[in-house]
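Reader: Could you take me through the largest nonpolar core of this model? I'd like to know which residues touch the most other members, and which elements they come from.

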Amino acid sequence: MIRNLVEDHVIAAYEAMRPHFPDFCGCVLCRDDALVFALNRVPARYVSSLQGSVVTEFNLEKEQSRAPIEVAMMEGLRKISLAPRCGARGGARQQ
Ligand SMILES: [Zn+2]
């Protein structure tokens, strides 16, 4: 099994930043769009499951590794808030 380690961090960034974007719809479609947007802008880092938890060589906890993920997620949340594919306008705050 092959995993992209960056995916975990993109999801974590989404969960952490979503509350700061009240206009973001947050439905499954918009969530996936935000995740895809960020994932397509951050270089993937694949590991095979045989490597298990041996991920120390790629330390995403370092600020310089996290920053591009957060920037990409911020951009995605902003962009998708403005034009959600699901058709929501301005998120849950407006009718
Ligand atoms: Zn939506």
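**A close look at the core**

Author: Happy to! This is a predicted model, and a word on confidence comes first: within the chain, the mean is highest in helix H2 (residues 28-39), at 97, and lowest in strand S2 (residues 46-48), at 82. Taken over the chain, the mean pLDDT is 84, with 77% of the residues at 70 or more. Where pLDDT is low, the predicted coordinates should not be read in detail.

Now for the setting. Three helices and two strands make up the chain, and along the sequence they run in the pattern β-α-α-β-α. The chain has 95 residues, of which 21% count as buried.

The largest nonpolar core holds 15 residues, and those that touch the most other members are Val10, Ala34, Ala38, Val42, Ile69 and Met73. Two or more residues come from each of helix H1 (5-17), H2 and helix H3 (63-82). The biggest share is from H3, which gives five residues. In soluble globular proteins, nonpolar side chains tend to be buried together.

Val10 is a good place to zoom in. Leaving out residues up to four places away in sequence, Val10 touches Leu35, Ala38, Leu39, Val42, Ile69 and Met73. Among these partners, Ala38, Val42, Ile69 and Met73 are, like Val10 itself, on the list of core residues that touch the most other members.

Stepping back to the chain, consider contacts between residues at least 6 apart in sequence: 89% of them join residues at least 24 apart.

Terms used
Residues are numbered from 1 along each chain as its sequence is written. This is a predicted model: local features need pLDDT of at least 70, side-chain atom pairs count only at pLDDT 80 or more; totals for chains, interfaces and linings use all residues. pLDDT is the predictor's confidence in each residue, from 0 to 100. Helices (H or I, at least four residues) and strands (E, at least two) are DSSP runs, numbered from the N terminus. A nonpolar core is a set of buried Ala, Val, Leu, Ile, Met, Phe, Trp, Tyr and Cys residues joined through C-beta atoms within 7 Å. A residue is buried if 20 or more other C-beta atoms lie within 10 Å of its own, exposed if 12 or fewer, and partly exposed in between; C-beta atoms are placed from the backbone. Two residues are in contact if their C-beta atoms, placed from the backbone, lie within 7 Å.
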